[in-house]
Amino acid sequence: MYRMWDERYGSDDYAYGRDPNTFIEEVEPGLPPGRFLCLGAGEGRNAVFLAGTGRRVTAVDASAVGLAKARRLAGERGAEVETVQADLREFEMGEGCWDGIVAVFLHLPPALRAHVLAGVGRALGPGGVFVAELYTPAQLRHGTGGPRTEELLVSLEDLTRELPGLEVVVGREVEREIHEGLHHHGTSAVVQFLARRPTSEGATP
C-alpha cells in the first residue's frame, strides 16, 4: 500500500495540488490557535496552510516521499511543519495534547478508522477540534476521486458514532465541485465535519 503512495507522490507535480482543501480554508478562521496534527498529511498542502496561519503543525503520513514534498512546500511558503513518518496503526497521538486534528480524504478500513478516531477523541485537549472532509458512499456513482471500495468511504453517521465524546459544530453530507490536482476533479459526494471536545464536563461548544 505504501509503495502506491510513494509512486503517486513521486513526480515533481503535487498529486492533489499545493492549495489547501477548501473546507479547511473555509473553517480555518474559527479554529483555535495552538498545536495541530494532520493525519494522512500526504504532500502537506493542508499542514502548510495551517502552519502559515501561525499554528504549530505536525504532519503524519506513511509515505516518506510525500513528507519530503511537504517539507519542500513548507520551505517555499516560509512555513514550519514538523513531519513524522508513521503507520496510523501504530502512531500514538497522546492524550489531551492537541488543539486541532485534521483528516482530509483519509480513507481507512473500518476497524482502523474506528481505532484512529478513538485516538482522536483521547488526543484532543479541552476545546480542541477535529476537522475532516471525506468521501461518502455516494461518491461511487461519480468516480471523480477517492476509493472505489464502499467500506473505505465514510458517512456522517459513521463519524458521529465513532466520536461520541465530541460535540458536532458542522456535520453535513453534500455534493460539491472539487478540483484538487490530478486525482480529485469534478462533482463529488463528501461529508464535511467539524466537532469540538467540550471545555469541561457538560459544556457546550
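Reader: How many of the 6 residues in strand E2 (residues 56-61) are buried?
Author: A word on the basis: this is a predicted model, in which local features need pLDDT of at least 70 and side-chain atom pairs pLDDT 80 or more, while totals for chains, interfaces and linings use all residues. Residues are numbered from 1 along each chain as its sequence is written, and side-chain values use heavy atoms, leaving out hydrogens and water. Strands (E, at least two residues) and helices (H or I, at least four) are DSSP runs numbered from the N terminus, while buried means under 20% relative accessible area, exposed over 50% and partly exposed in between, with a 1.4 Å probe and protein chains only. On that scale E2 is mostly covered, and the number of its residues that are buried is 5.

Reader: Is Arg56 in strand E2 buried or exposed?
Author: Arg56 belongs to E2, and beyond four places in sequence it touches Gly34, Arg35 and Phe36, where contact means heavy atoms within 4.5 Å. Its C-alpha is 15 Å from that of Pro29, a residue 27 places away in sequence. With a relative accessibility of 53%, Arg56 counts as exposed.

Reader: Which residue of E2 is the bridge partner of Phe36?
Author: Two strands pair if DSSP finds at least two bridges between them. Strand E1 (residues 35-39) and E2 have 5 and run parallel. Within E2, the partner of Phe36 is Val57.

Reader: Through which helix does the chain cross from E1 to E2?
Author: The β-α-β crossover here is right-handed. That term applies if, with the strands pointing away from the viewer, the path from the first strand over the helix to the second runs clockwise. Covering residues 45-51, the helix on this path is H3.

Reader: Which residue in E3 is the bridge partner of Ala59?
Author: E2 also pairs with strand E3 (residues 81-85), in the parallel sense and over 5 bridges. Helix H4 (residues 64-77) joins these two strands in a right-handed β-α-β unit. Opposite Ala59, the partner in E3 is Thr83.

Reader: How many of the 7 residues of strand E4 are buried?
Author: E4 (98-104) has strand neighbours on record in this model: 4 bridges join it to E1 in parallel, with Leu37 partnering Ile101. E4 is largely enclosed by the rest of the structure, because the number of its residues that are buried is 6.

Reader: Which residue in E5 stands opposite Val102?
Author: E4 and strand E5 (residues 124-135) pair in the parallel sense over 6 bridges. Together with H5 they make a right-handed β-α-β unit. Opposite Val102 stands Val131.

Reader: What is the phi of Phe105, just for a backbone check?
Author: Phe105 lies in the loop between E4 and helix H5 (110-123). At 14% relative accessibility, Phe105 counts as buried. Although it is not a glycine, its phi is positive, at about 50°.

Reader: Which residue has a side chain joined to that of Glu180 by a polar contact?
Author: Glu180 is found in strand E6 (residues 167-180) and is buried, with a relative accessible area of 6%. Beyond four places in sequence, its contacts include Ala15, Tyr16, Arg45 and Phe105. A polar contact is a pair of N or O atoms within 3.5 Å; within protein, one must be able to donate a hydrogen and the other to accept it, and residues adjacent in sequence count only if both atoms are side-chain atoms. At 3.2 Å, the polar partner of Glu180 is Asn21.

Reader: Which residue in the turn between E6 and E7 has a positive phi?
Author: E6 and strand E7 (residues 184-196) run antiparallel over 13 bridges, with Arg172 opposite Gln192. They form a hairpin with 3 residues between them, and the turn residue with a positive phi of about 60° is Gly181.

Reader: What is the radius of gyration of the protein?
Author: The protein has 6 helices and 7 strands, and 52% of its 205 residues are buried. The radius is taken over C-alpha atoms, and the globule rule is 2.2 Å times the number of residues to the power 0.38. A compact globule with 205 residues would have a value near 17 Å, and the protein agrees with that, at 16 Å.
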